[in-house]
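Reader: I am new to this structure. Please pick one spot on the surface, look at it closely, and then lead me on from there. Short sentences suit me best.

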Amino acid sequence: GGALRGNSSSMSTIEDDENVDVVDSLLSDGRHGLTDFQARGLRRIRKILVGEQSQPQLAPQNLRSRFERRHTTSNVRLSPLILEDAPSFILTEYGGQGARGGAVNPSERAEVKKRLLITHQVNDVGPYDRNDTFLPIEWTRLDEDTRISLSSKLSFSALSSWEFNIVDVARECKIAPMLFIGWAIIGSPHAQKAMARDLGLDISTQSGGYDFTNKFAIQLPILCSFLRTVEADYEPNPYHNSSHAADVVQTLNAMLQLGGKQYASSLDIFALLIAAVIHDVRHPGLNNNYQVNSRSELAVQYNDVSVLENYSVTWQVLFAG
């Protein structure tokens, strides 16, 4: 037993040394473009790893209020808006969850998720003014060449073209085509300005778009949380997947820019784009005729009437409610 503990301690020391090297490489390499907030956090982690600072302990009764950042913004005013419940392994490894007697109750976790997904009210902080600099964390994980290529493909002029190639964009976006397309269209022109600023390009040329963020007081971290949640619920079907949904959003945007927008208000356009985002969410990959003829549970539930359309709308109602 003692030898095993000694080996474990030795391995832990080696891992800590490697972790310190990783942190040092991030802090010393200017290419990573860390914000002051991120750099301070890494320096605190380094002190903990080398033993200069003790690791903060959480009282078990406070675990339910612990959350993990999921976006790159360092604006503290948004902290209640862009957080999600911490993964269980983090609570187990670093939060003393074992002392609480087991994992978080699923119903409690569901309630936390629901509370975080609804619109939050932030008092006495004024309007959010960082949409021009906000970047989804998925964007920051792309290499520079991919970001340069995507910034061109996600310009508003490109997104307004009938010849837009969703396959190429989906390939570069990896697993998040809906997130990037939705952010770039619904969050225009601020998404384009944030991409340009990130790449050191001229932001004054990024002026096209809807500006829903100012018209409807939309905060892009919240929009991206919504898009990410929708995308996660699209099934990996050969056709009715999140890339298809992103394609519909872009095609709708092109139709609007080619003349359709003159027949609709800003609110109408916003509603149309959101409808395109969710239109096939949780589509099982088999069409309405199949559902009706096979007497599937979905067909029975929706009385053979627009089965899959009603299914997607029901998802939206439950999500919003």
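Author: Start with K47. Its relative accessible area is 40%, so K47 counts as partly exposed. The reasoning is short: 40% is neither under 20%, the limit for buried, nor over 50%, the limit for exposed, so the class in between applies. Keep in mind that this is a predicted model. K47 sits in helix α2, which covers residues 36–49. K47 also belongs to a group. Together with R40, R43 and R44, K47 forms a positive patch on the surface. A residue joins such a patch only if its relative accessible area is over 30% and it has no salt bridge. At 40%, K47 is over that area limit, so K47 meets this part of the rule.

That raises the matter of charges that do pair. Side chains of opposite charge can pair when their charged atoms come close. In this model, the count of salt bridges is 6.

Take E138 and R228, whose side chains form a salt bridge with an N to O distance of 2.7 Å. E138 belongs to helix α5 (residues 137–140) and R228 to helix α12 (residues 220–232), so this pair ties together parts 90 residues apart in sequence. Both partners, E138 and R228, are buried.

Next come K153 and E172. Their side chains meet in a salt bridge, at 2.9 Å from N to O. K153 is part of helix α6 (residues 144–153) and E172 is part of helix α8 (residues 166–172), so the pair links parts 19 residues apart in sequence. The two partners fall into separate classes. K153 has 25% relative accessibility, so K153 is partly exposed. E172 has 17%, so E172 is buried.

Helix α8 holds another pair. D168 and R171 form a salt bridge, with 3.1 Å between the closest N and O atoms. Both residues lie in α8, 3 residues apart, which is about one turn of the helix. D168 has 31% relative accessibility, so D168 is partly exposed. R171 reaches 54%, so R171 counts as exposed.

Now the surface again, this time without charge. W162, M255 and L258 make up a nonpolar patch, with about 380 Å² of accessible area together. M255 is located in helix α13. Its relative accessible area is 47%, so M255 is partly exposed. Helix α13 covers residues 242–257, and S242 is in it too. S242 has a relative accessible area of 11%, so S242 is buried. What does S242 touch? Setting aside residues up to four places away in sequence, S242 is in contact with P177, M178, E231 and Y234.

Go on to helix α10, residues 190–198. Its buried residues are H190, A191, Q192, A194, M195 and A196. These residues pack against several helices: α5, α6, α7 (156–159), α9 (177–186), α11 (212–215) and α12. Two names on that list, α5 and α12, are already familiar: they hold E138 and R228. Just after α10 comes G200, with a positive phi of about 70°.

One more residue deserves a stop. Q291 lies in helix α15, residues 288–293. Its relative accessibility is 5%, so Q291 is buried. Beyond its neighbours within four places in sequence, Q291 contacts P284, L286, S296, L298, A299, V307 and L308. L308 is 17 residues away from Q291 along the chain, and their C-alpha atoms are 8.5 Å apart.

Finally, step back to the whole chain. The chain contains 17 helices and 2 strands. Of its 321 residues, 36% are buried. About 18500 Å² of area is exposed, and carbon and sulfur atoms supply 52% of that. Now look at contacts between residues at least 6 apart in sequence. Of these, 67% join residues at least 24 apart. The pair E138 and R228, 90 residues apart, spans such a stretch of sequence.

Methods
Residues numbered from 1 in each chain as written. Predicted model: local features only at pLDDT ≥ 70, side-chain atom pairs only at ≥ 80, totals over all residues. Heavy atoms only, no water. Patch = residues over 30% accessible without salt bridge, like charges linked within 9 Å, V, L, I, M, F, W, Y side chains within 5 Å. Areas by Shrake-Rupley, 256 points an atom, 1.4 Å probe, with all protein chains shown as cover. Salt bridge = Lys/Arg side-chain N within 4 Å of Asp/Glu carboxyl O. Lys, Arg positive; Asp, Glu negative; His and termini not counted. Charge placed at Lys NZ, Arg CZ, Asp CG, Glu CD. Helix = DSSP H or I, 4+ residues; strand = E, 2+ residues; numbered from the N terminus. Buried < 20%, exposed > 50% of the residue type's maximum accessible area, 1.4 Å probe, protein only. Contact = heavy atoms within 4.5 Å.
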